[in-house]
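Please open the model in your viewer and keep the sequence panel beside it. The tour goes from the whole chain to single residues, with a selection to make at each stop.

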Amino acid sequence: MTSIFDLFDPRQQSVPLRPDTDAVHAMRLQSEQFRNEVEANSQTRDILSRAASRHSERILKEHSAQLRSLLEDGQKLVQQLQQSGGELPQAWQEYLRDATERAILTADTLRKRGDIFLEHEAANCPPVLIYDYEIIMDGKDLPFPCNYILLRIVPPEGVTVDDTRRPYIIIDPRAGHGPGIGGFKPDSQVGVALREGHPVYFVAFRSRPEPGQYLSYVTRAEAAFVREVMRRHPKASKPVVTGNCQGGWATLLLAATNPDLTGPIVINGAPVAPWAGKVGENPMRYNGGVLGGTWIPMFVSDLGGGIFDGAHLVGNFELLNPSRTLFRKYTDLFRDIDKGDKVFLEFEKWWGGFFLLTEPEIRWVVEQLFVGNRLAKNEARIEPGRPVDLKAIRAPIIAFASHGDNITPPQQALNWIAETYADVQEIRIRGQRIVYMVHEQVGHLGIFVSSQIARKEHAEVTSTLQTIEALAPGLYEMRIEDVEEKNGRKHFTVGFVERTLDDIRALDDGYADERPFAAVARFSEVQAQLYDALARPFVKAMVTDSSAEMSRALHPQRLTRALASSRNPVMGQVASLAEGVRTARNKAAASNPFLAWEQLWVNATTQAIDFWRDSRDMAYELSFFSLWGTPWTRAFGRTHEARRTLKNNDELRSLPEVAAALFNIERGGFVEAVIRMLILLAENRGGVRRDRLERSSKVLTQDEPFKSLGAERRAMIIHEQTLIVTYERERAIETLPSLLPDAAERALAVEIVRYIPGAISEMSDNTVALLQRFQQVLGLPTVTEDVLSDPLETPAAVEAVADTAQANAETAKAATAARRQPAKTANHKEA
């Protein structure tokens, strides 16, 4: 450090005041800054170019094809009209009568929808489940009251439920609509679990939140619900918790803040990393930067008297695909009204049930998740002093996404994995099992509504959960393939392919396009603070309870439904007119040319709306990056770009659980030895075949002495042995004799391990070499014969492991009693 005397001493040549040196230094800094700005501008230009190119190519390709199809249909229609000649007046009269009758029947369906809407609202919007249910717990009675309730699904006639089987808890999204979509059809998540004999519980919610409700109250209530389900099924494994869409990240919050509660968790189409997406696609993620940040829901909530109306969210969803939700939904109803309106009314009952959130709830969702992306960055706090770390989750995670989902694309559903863990090695070290599936085309609602998905993906998840729990920790992609149809039902094969984080990243096109979102997040915070300090007091002063209720009643989503109901005198005549039409219906002939003209008009209008939507989406994306991709806005958002710090393997070795596992490397017995060898075998394979999975799952979950371990203790042993294999692979092999001092146990253990991969001819060279190494270390002869039947099913083996199984059972019973009792006491206090 230079002193003040040296600084001004001309004899000190190295430290005098040198304006020329300062100027050179300043020029160097300016040059570096200029290069960074040029690079940033180049990056933004590249993003804008890619966005414009992809949008333009897609618009040109899709709309050119649609236009050619329209022109061909138009030519056919002209030819049909020319051929009709003098029959046109009669055809027109016939079509006009038919169209008028269909219009009356359609108006009557809309009247029914309005009546259903008003009845549903008057009943406080109960769940639209097709199953009977009973209320088990009510969140309003808990110490932190909320509007959530726990329902037990009553099995329908002909379905038998086994209370000792693992229960299922389904959490539906609270994103403007009401609960019930997860049990909307017989082929649904609820239906699949019931058919497999599992008890099913459903987390629903009332349309209005409790006064002063926070999102943390909801998480606390969901934790209390899980405890109650565990108390009701003491002999069952921990419940599976399934979260749909917004219920998906809510499930992650539950599991991260209560890691001891849940069994496997399944998240379907959950937007956990909302900044993610591909350039030229996924336009919904730009809404916060183009339409406004957090202050918008704050302002809307203030107009609602501190309540945010979910109808606003529904309106936004409809604008994502306006040709479908605002046009084709009604024209298809009009054109196919003779097929009935049951399906239309069933769906509209759910779609038109608008639910409310408190201002703190919607503000948390926007600030912490959609604009701030804090959950993926490990900066989210569910309440002051209570951070949420997704690494704290100990239960297996099954994440489902789809390329056809325009609300939650795969990048938003899966990128949090790559942002949370340094690599797959860390996932293994932390004992986590993450399995993901990516569908090619199903839409957002189809993920948890589609019968195809329910019969396939959800059914396979249900049937392979034990297998997933028996997997070694790591990251896997679940592959489902059609096999054949038997007794009217398709049967599938399932495989788990080991993946790396690069496979997750490959679904995206890099992180460069996410940098501008940091500027949006910071600007959103500034806007919210300015609104809160300057405008909010005046807005609140002008709002009354009456004006807030009026704003909800006059929302277009509610108003259009209410005005179409029977309570509107104008609609009073529609029901009688429709009844008359049904008794004397006169359909136009299928060959009527004006029906073809009607179809042509519908298709042309649909394309026009789609063209407007695609042009709007392109304008949104180009505007977003033009505004927030400049060097100045990037500099403004630099403080919000930081992602969570990830530990390397050397740093992870210092974790207490790693040290404890390595301390026990020479401790254990038959169970630990077999599991250790199976984990070592798993490292030699990139994929795990279904037959090998079934054998491994059977041994670890149905055969003694593994069955008596219980799911939790088995998972703990698998985790510990995984850590040992990861950090001390050679010692893990060399110390096997310490775990198996008895020669008979050694022979049985190796025989079990040889049984899992199957025939020697089907094994890889690495697998055979490793098995030979086990034989050598344990002093056993070379492997020469196949082991094709389960060694643990022989009477000699059953007798040999009887003492171990008895000890395991007593340990599991004591652990269960110790765990269940506090949960029971806590629930009684909360109730």
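What follows is a series of stops, each with something to select and a note on what is there.

**Before selecting anything**

This is a predicted model, in which local features need pLDDT of at least 70 and side-chain atom pairs count only at pLDDT 80 or more, while totals for chains, interfaces and linings use all residues. Residues are numbered from 1 along each chain as its sequence is written, and side-chain values use heavy atoms, with hydrogens and water left out.

**The whole chain**

Show the protein chain as a cartoon, and you have 35 helices and 15 strands in view; helices (H or I, at least four residues) and strands (E, at least two) are DSSP runs, numbered from the N terminus. Of the 831 residues in the chain, 52% are buried, where buried means under 20% relative accessible area, exposed over 50% and partly exposed in between, with a 1.4 Å probe and protein chains only. Among contacts (heavy atoms within 4.5 Å) with a separation of 6 or more, 81% join residues 24 or more positions apart.

**Strand S3 and its partners**

Select residues 168-171, which form strand S3. Tyr168 and Ile170 point one way, Ile169 and Ile171 point the other way, and all are buried. In a regular strand the side chains alternate between the two faces of the sheet. Next add residues 200-205, strand S4, which pairs with S3 in the parallel sense over four bridges; two strands pair if DSSP finds at least two bridges between them. Then add strand S5, residues 240-244, whose pairing with S3 is also parallel and over four bridges. Ile171 is a useful residue to centre on, with Val203 as its bridge partner in S4 and Gly243 as its bridge partner in S5.

**The nonpolar cores**

Now select Phe496, Phe670, Met677, Phe706 and Phe774, the residues with the most contacts inside the largest nonpolar core, which has 79 residues. Such a core is a set of buried Ala, Val, Leu, Ile, Met, Phe, Trp, Tyr and Cys residues joined through side-chain atoms within 4.5 Å. Helix H27 (residues 670-682) gives this core its largest share, 10 residues. A second, separate core of 66 residues includes Tyr217, Val218, Ile434 and Leu507.

Return to Phe670 and display its surroundings: not counting residues up to four places away in sequence, Phe670 touches several residues, including Pro705, Phe706, Leu739 and Val801. Pro705 is found in the loop between helix H28 (690-702) and helix H29 (711-727), and the peptide bond from Glu704 to Pro705 is cis, with omega near 15 degrees.

**Two crossing helices**

Select helix H9 (residues 311-320) and helix H10 (residues 322-335), whose axes come within 4 Å and cross at roughly 95 degrees. That angle makes H9 roughly perpendicular to H10. The contact is made by Glu318, Leu319 and Leu320 of H9 together with Pro322, Thr325, Leu326 and Lys329 of H10.

**Two residues with positive phi**

Which backbone angle is positive in Cys125, although Cys125 is not a glycine? The angle is phi, at about 50 degrees. Cys125 sits in the loop between helix H3 (88-122) and strand S1 (133-138), and counts as buried at 2% relative accessibility.

Finish at Asn378, a residue other than glycine whose phi is positive, near 65 degrees. Asn378 lies in the loop between helix H12 (359-371) and strand S9 (381-383), and with 29% relative accessibility Asn378 counts as partly exposed.

How values were computed
Axes fitted to C-alpha atoms, helices over the stretch in contact; angles between N-to-C directions. Parallel < 35°, antiparallel > 145°, perpendicular 65-115°, else oblique.
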